[in-house]
Amino acid sequence: MSTATQLSYDEAVARFEPVIGLETHVELGTNTKMFCGCPTEFGAEPNTQVCPVCLGLPGSLPVANRAAIEATIRIGLALNCSIAPWGRFARKNYFYPDMPKNFQISQYDEPLCVDGFLEVEVDGELVRIGIERVHLEEDTGKSLHVGGSTGRIHGATESLVDYNRAGIPLVEIVTKPVPGTGARAPQIAKAYVTELRDVIRSLGVSDVRMEQGSMRCDVNTSLNRPGEEWGTRTETKNVNSLRSVERAVRSEIIRQSGVLTDGGTIIQETRHFHENTGETTSGRSKETATDYRYFPEPDLVPLAPAAEWVAELKAALPELPRVSRQRQQAEWGFSDLDMQSVLNAGAWELIEATVAAGTNAAAARKWWLGELARHANETDKELDALGVSPEAVAQLQGLVDAGKINDKLARVVLEGVIAGEGTPAEVVAARGLEVVSDEGALTKAVDEAIAANPDIAAKVRDGKVAAAGALVGAVMKATGGKADAKTVRELVIARLS
């Protein structure tokens with residue numbers, strides 16, 4: 001690790017101005033690969049979804065996937081890009097063990113989509129992120145390094161390669177440099193990737209599951225002193241969660257500020273982000289376009305999407321997320337502050353799905369931003385990685401609404417769901433958590449509480465109804481929190497009237 005001065009984040013952004021940029025790779029959800037007919041199912045046995053084309057065997061010829069081209073154009077349109085009337089594929093030459101042909105078919109100087117933008121809301125303010133390009137390429141295979149402690153090649157005893165992913169259609173979305181973000185740079189980076197994920201999901205062209213690698217983000221960060229030219233950027237590769245995007249930017253700002261403060265030089269390189277420490281470490285020097293020796297792919301004809309086709313695709317775009325959120329905010333009755341807290345937590349789609357599963361928006365927001373958010377923070381996970389489905393949250397609230405459990409018991413049930421004990425109903429049955437509503441059993445518990453607390457009972461008899469709360473609490477304690485509090489209160493007042 002570097003021995004550079006360690007500034008606090010506040011000190012770093014007070015001395016230096018960050019410039020960020022993001023390169024996001026999205027695997028398209030097509031049935032077949034980009035240039036062959038191999039299936040794209042996730043999780044298949046290694047090296048079972050391959051053929052001579054995606055393995056790059058001599059004599060095999062690629063054929064472009066029309067569905068992937070259409071999906072790329074739709075993404076570009078949703079990001080306000082201009083769609084090029086002419087484009088072509090190129091060979092990007094480099095050697096990695098997981099790149100079967102030793103080159104990648106990509107787009108270089110003639111991408112499909114250029115010069116767009118995406119607006120994101122941060123602290124109630126719209127920030128426009130410029131989109132440099134959206135281009136189409138093929139994904140690489142996947143290397144697995146075993147025998148070491150980090151999962152990386154350094155220290156591993158052997159490496160395995162799965163080529164199933166090689167050749168899957170991959171869209172790369174590259175932003176323009178984003179200056180002027182100041183201390184909000186990490187927050188804006190996360191907001192951009194979150195909004196981009198929502199846009200792509202709304203188009204139905206990818207499941208954008210970061211934990212499975214179908215959406216991956218490379219984070220570029222540089223620092224400069226106020227008034228000076230932009231600094232040298234680093235590229236933190238394959239950041240695989242929204243929270244990690246924010247942490248990676250913050251980590252690089254702190255690291256680079258220390259190097260510059262000591263009079264050091266930032267090296268243009270790729271870096272790795274470590275989830276366990278929240279820090280980045282050096283990977284390799286960063287290639288330039290010249291290093292890749294791009295040249296036109298001779299086995300593929302150029303792309304020339306007809307203007308009429310592009311117009312049809314544009315007219316058929318679905319309602320985009322920002323519009324949906326504005327409409328739903330009005331339907332749900334959320335204040336601007338409520339909605340902002342939902343967005344900050346990444347809970348909008350979860351609440352939307354929970355409402356669709358049969359509960360109301362206020363209850364859905366209560367659970368996702370309350371108990372579930374607490375669990376996410378304690379376990380350092382995203383909300384959607386807790387293993388709790390919107391349907392389970394709706395069922396949990398349904399049990400509360402039906403009087404089968406109270407809010408206190410519901411929190412216990414939720415812990416059981418998170419622990420993998422089943423659905424809320426199954427947890428209630430297995431743990432015996434259903435509310436005691438039998439009036440005979442409750443009356444007995446009330447009488448015992450009255451007998452044990454004669455002074456409080458006397459106050460209630462004298463008309464001090466508020467004192468009944470202490471007796472209700474005693475009954476709740478005696479029943480392990482399983483009594484229906486409303487029924488208990490009614491019984492207390494009736495017995496002491």
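Modeller: A nonpolar core is a set of buried Ala, Val, Leu, Ile, Met, Phe, Trp, Tyr and Cys residues joined through side-chain atoms within 4.5 Å, where buried means under 20% relative accessible area, exposed means over 50%, and partly exposed lies in between, with a 1.4 Å probe and protein chains only. This is a predicted model, in which local features need pLDDT of at least 70 and side-chain atom pairs count only at pLDDT 80 or more, while totals for chains, interfaces and linings use all residues. Residues are numbered from 1 along each chain as its sequence is written, and side-chain values use heavy atoms, leaving out hydrogens and water.

Biologist: Which residues of the largest nonpolar core touch the most other members?

Modeller: The largest nonpolar core has 73 residues, and those touching the most other members are I73, I75, L79, V134, I173, Y192 and V193. Helix α3 (residues 185-203) contributes the largest share of this core, 10 residues, a helix here being a DSSP run of H or I with at least four residues and a strand a run of E with at least two, both numbered from the N terminus. If neighbours within four places in sequence are set aside, the contacts of I75 (heavy atoms within 4.5 Å) are L28, V134, V171, I173, L203 and V205. Apart from the largest core there is a second, separate one of 32 residues, whose members include W348, V388, V417 and V427.

Biologist: How do you know whether K101 counts as buried or exposed?

Modeller: The relative accessibility of K101 is 17%, and this value falls under the limit for burial, so K101 is called buried. K101 is in the loop between β3 (90-93) and β4 (103-106), and outside its neighbours within four places in sequence it is in contact with G56 and E138.

Biologist: What makes the approach of the side chains of K101 and E138 a polar contact?

Modeller: The term asks for a pair of N or O atoms within 3.5 Å, and within protein one must be able to donate a hydrogen and the other to accept it, with residues adjacent in sequence counting only if both atoms are side-chain atoms. The side chains of K101 and E138 are joined at 2.7 Å, so the distance satisfies the rule and the pair is listed as a polar contact.

Biologist: And D109, is that residue counted as buried or exposed, and why?

Modeller: D109 has 53% relative accessibility, which passes the upper limit, and it is therefore called exposed. D109 lies in the loop between β4 and β5 (113-122), and its C-alpha is 8.4 Å from that of G87, although the two are 22 residues apart in sequence.

Biologist: Why is the pair of Y292 and Y294 called what it is?

Modeller: A pair of aromatic rings is described by the distance of the centres and the angle of the planes. Rings of Phe, Tyr and Trp (its six-membered ring) pair if their centres lie within 6.5 Å, and planes under 30 degrees apart count as stacked, over 60 as edge-to-face and the rest as tilted. By this rule there are 5 aromatic pairs. Y292 and Y294 stand 6.0 Å apart centre to centre with 70 degrees between the planes, so the pair is edge-to-face. Y292 is buried at a relative accessible area of 9%, whereas Y294 is partly exposed at 22%. Together with Y94 and Y108, these two tyrosines form one aromatic cluster.

Biologist: What makes the pair of W332 and F334 tilted?

Modeller: For W332 and F334 the centres are 5.4 Å apart and the planes meet at 55 degrees, an angle that fits neither the stacked nor the edge-to-face range, so the pair is tilted. W332, at 15% relative accessibility, is buried, and F334 is buried at 10%.

Biologist: How do you know that the charged end of R365 sits over the ring of F334?

Modeller: The rule requires NZ of Lys or CZ of Arg within 6 Å of the ring centre and within 35 degrees of the ring normal. The charged end of R365 is 5.9 Å from the centre of the F334 ring and is listed as sitting over it, and the charged end of R66 likewise sits over the ring of W309, at 4.4 Å from its centre.

Biologist: What phi does N47 have?

Modeller: N47 has a positive phi of about 60 degrees although it is not a glycine, and it lies in the loop between β1 (17-27) and α2 (66-78). At 35% relative accessibility, between the two limits, N47 is therefore partly exposed.
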